[in-house]
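Trainee: Hi! Could you walk me through this one before I head back to the bench?
Mentor: Happy to. Let's open it up and go through it together.

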Amino acid sequence: MLSISDSELEILGVLWEKGEPMAFGELLKGFNAKTGRGWKKQTLGTFLTRMQYKGQVEAFGGTRKQYQPCISREEYVKEISRKFLDKYYEGSFAKMFAALSGGDELDRDKSGELRRMLREWERE
């Protein structure tokens, strides 16, 4: 997936929250309410056209188009997390965890939580 700008992510966020296709007017109203930006129709339309081209949203319907995301929030978070891990920690979760812990030793609760996470990942 191509990179997603902050504004595009906010538009996707409105669509993800709704959980079903949204008409243009409803999307504009929801976006402005969530962000407080006060975008006009033309601004949102420009973003949606670009997002369609990039494969982030799809539109269907005749004159009253409905918009829906082409990727779920979970898929996006997984992809962006993987890119972050690859870019900054050579794809190593262990290196990332060591950096985030600041070299501190884990207490029992944190080490138990980490063990549970690892067991869940092994099952997948």
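Trainee: Let's start with Leu9: is it buried, partly exposed or exposed?
Mentor: Leu9 counts as partly exposed, because its relative accessible area is 29% and the partly exposed class runs between 20% and 50%. Keep in mind that this is a predicted model.

Trainee: Thanks. Where does Leu9 sit?
Mentor: Leu9 belongs to helix α1, which covers residues 6-18.

Trainee: And which residues does Leu9 contact, leaving aside the neighbours within four places in sequence?
Mentor: Those contacts are Ile4, Trp16 and Tyr76.

Trainee: What about Ser92, how many Å separate its C-alpha from that of Leu9?
Mentor: The separation between those two C-alpha atoms is 26 Å, and along the chain the residues are 83 apart.

Trainee: New topic: salt bridges. How many are there in the whole structure?
Mentor: The search turns up six. As background, side chains with opposite charges can pair when their charged atoms come close.

Trainee: Which residue does Glu26 pair with?
Mentor: Glu26 has Lys18 as a salt-bridge partner, and their closest N and O atoms are 2.8 Å apart. Glu26 is partly exposed at 33% relative accessible area, and Lys18 is also partly exposed, at 37%.

Trainee: Which partner does Lys83 have?
Mentor: Lys83 meets Glu79 in a salt bridge, with 3.3 Å from N to O. Both residues are in helix α4, residues 73-89, and they are separated by about one helical turn because they are four residues apart.

Trainee: How accessible are those two, Glu79 and Lys83?
Mentor: Glu79 has 23% relative accessibility, so it counts as partly exposed. Lys83 is partly exposed too, with 40%.

Trainee: And what does Arg82 pair with?
Mentor: Arg82 forms a salt bridge with Asp86, where the closest N and O atoms are 3.6 Å apart. This pair also lies in helix α4, with four residues, or about one turn of the helix, between Arg82 and Asp86. Asp86 is partly exposed at 42%, and Arg82 is partly exposed at 44%.

Trainee: Moving along the chain, where is Glu90?
Mentor: Glu90 is in the loop between α4 and α5, the latter being residues 93-101.

Trainee: What is the phi of Glu90?
Mentor: Phi of Glu90 is near 55 degrees, which is a positive value in a residue other than glycine. Glu90 has 66% relative accessibility, so it counts as exposed.

Trainee: Let's switch to the surface. Which residues form the positive patch?
Mentor: That positive surface patch is made of Arg108, Arg115, Arg116, Arg119 and Arg123.

Trainee: Where is Arg123, and which residues does its helix span?
Mentor: Arg123 is in helix α6, which spans residues 108-123. Arg123 counts as exposed because its relative accessibility is 66%, and the exposed class starts over 50%.

Trainee: What about the nonpolar patch, which residues make it?
Mentor: Met117, Leu118 and Trp121 make a nonpolar surface patch of about 250 Å². Leu118 is placed in helix α6 and is partly exposed, with 36% relative accessible area.

Trainee: Great, could you give me a quick recap of the surface part?
Mentor: Sure: Arg123 is one of the residues in the positive patch, while Leu118 is one of those in the nonpolar patch. Helix α6 holds Arg123 and also Leu118.

Technical notes:
Residues numbered from 1 in each chain as written. Predicted model: local features only at pLDDT ≥ 70, side-chain atom pairs only at ≥ 80, totals over all residues. Heavy atoms only, no water. Patch = residues over 30% accessible without salt bridge, like charges linked within 9 Å, V, L, I, M, F, W, Y side chains within 5 Å. Areas by Shrake-Rupley, 256 points an atom, 1.4 Å probe, with all protein chains shown as cover. Salt bridge = Lys/Arg side-chain N within 4 Å of Asp/Glu carboxyl O. Lys, Arg positive; Asp, Glu negative; His and termini not counted. Charge placed at Lys NZ, Arg CZ, Asp CG, Glu CD. Helix = DSSP H or I, 4+ residues; strand = E, 2+ residues; numbered from the N terminus. Buried < 20%, exposed > 50% of the residue type's maximum accessible area, 1.4 Å probe, protein only. Contact = heavy atoms within 4.5 Å.
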